[in-house]
Amino acid sequence: MKTTQSLPGIKFIGHAPAENLQREIMNKHLAGLPVGVFTDITPIAFCGVPTCEAVSTYNNNGRIEQVTLRFKTLDTLPLQRHVAYIVTDCNNRSYIIGQREKPRPIVKVTRDTGTPNGDPAVCSVEITLYAQKALIPCNINR
């Protein structure tokens, strides 16, 4: 059985250094404890309509969740550092993708030069994470 969750609309995307996050946030969430992000979050300016989808499937006698965040941006992302991505939807609910420990998000950046007839020259970003719980609700201090 496969269950899918899609956020209703994204109004904020940001990233925070993974080493500044609490330890074991996935296990805290699975135990029913609230998860907070108590570090500076660097906003990412995006264009177009970003999407975030979490798919939970049964795999090897357990459930695994895959979350995929897609957006277009002109900002430079810190690809050489371990970061977690924070997303806030239009209902003011925030989620974190990534944590201090492994597994880490997989970041795929595609640079597009655009076309002379007006298509934008932007970077398409796809962030994917496979974990027992990959899209974790969190409280942020903004």
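1. Before anything else, a quick definition: two residues are in contact when heavy atoms of theirs lie within 4.5 Å of each other. Keep in mind, too, that what you are looking at is a predicted model. With that in hand, pick out F71. Leaving aside residues up to four places away in sequence, F71 touches I13, I44, F46, P50 and L77, and also C123, S124, V125 and I127.

2. Now for the core around that residue. F71 is one of the residues that touch the most other members of the largest nonpolar core, along with V67, L69, I96 and I97. This core has 33 residues. Have a look at which elements feed it: β2 (10-17), α1 (25-30), β5 (46-59), β6 (62-73), β7 (83-89), β8 (94-97), β10 (123-131) and β11 (136-140) each give two or more residues. The top contributor is β7, with 5 residues.

3. Next, empty space. Rolling a probe the size of a water molecule over the atoms shows where such space is left. How many cavities of 30 Å³ or more does a search of the whole structure find? Just 1 turns up. The largest cavity holds about 50 Å³ of space.

4. So what lines that cavity? Try finding these in the viewer: M26, G98, Q99, P103, L129, A131, K133, A134 and I136. Sorted by class, the lining has 6 nonpolar residues, 2 polar ones and 1 charged one.

5. On to the cysteines. There are 0 disulfides in the structure. Take C47, which is in no disulfide: the nearest cysteine sulfur belongs to C123 and is 9.5 Å away. C47 is partly exposed, at a relative accessible area of 31%.

6. Why does C138 not bond to the closest cysteine sulfur? Because that sulfur, in C52, is 11 Å from the sulfur of C138, which is too far for a bond; a disulfide needs the two sulfur atoms within 2.5 Å. As for its surroundings, C138 is buried, with a relative accessible area of 7%. That value counts as buried because the cut-off is under 20%.

7. Last, a residue to look for at the surface. Y58 sits in strand β5. Is Y58 buried or exposed? Its relative accessibility is 52%, so Y58 counts as exposed, since the cut-off for that label is over 50%. While you have Y58 on screen, find Q132 as well. The two are 74 residues apart in sequence, and their C-alpha atoms are 10 Å apart in space.

Technical notes: Residues are numbered from 1 along each chain as its sequence is written. This is a predicted model: local features need pLDDT of at least 70, side-chain atom pairs count only at pLDDT 80 or more; totals for chains, interfaces and linings use all residues. Side-chain values use heavy atoms; hydrogens and water are left out. A nonpolar core is a set of buried Ala, Val, Leu, Ile, Met, Phe, Trp, Tyr and Cys residues joined through side-chain atoms within 4.5 Å. Buried means under 20% relative accessible area, exposed over 50%, partly exposed in between (1.4 Å probe, protein chains only). Helices (H or I, at least four residues) and strands (E, at least two) are DSSP runs, numbered from the N terminus. On a 1 Å grid over the protein atoms alone, a cavity is a set of points where a 1.4 Å probe fits but cannot get out, and a pocket is an open set with protein on both sides within 12 Å along at least five of seven lines; lining residues have an atom within 4 Å of a point. Grid points are joined across faces, edges and corners, and a volume is the space filled by probe spheres set on the points. Ala, Val, Leu, Ile, Met, Phe, Trp, Tyr, Cys and Pro count as nonpolar, Asp, Glu, Lys and Arg as charged, and the others, Gly among them, as polar.
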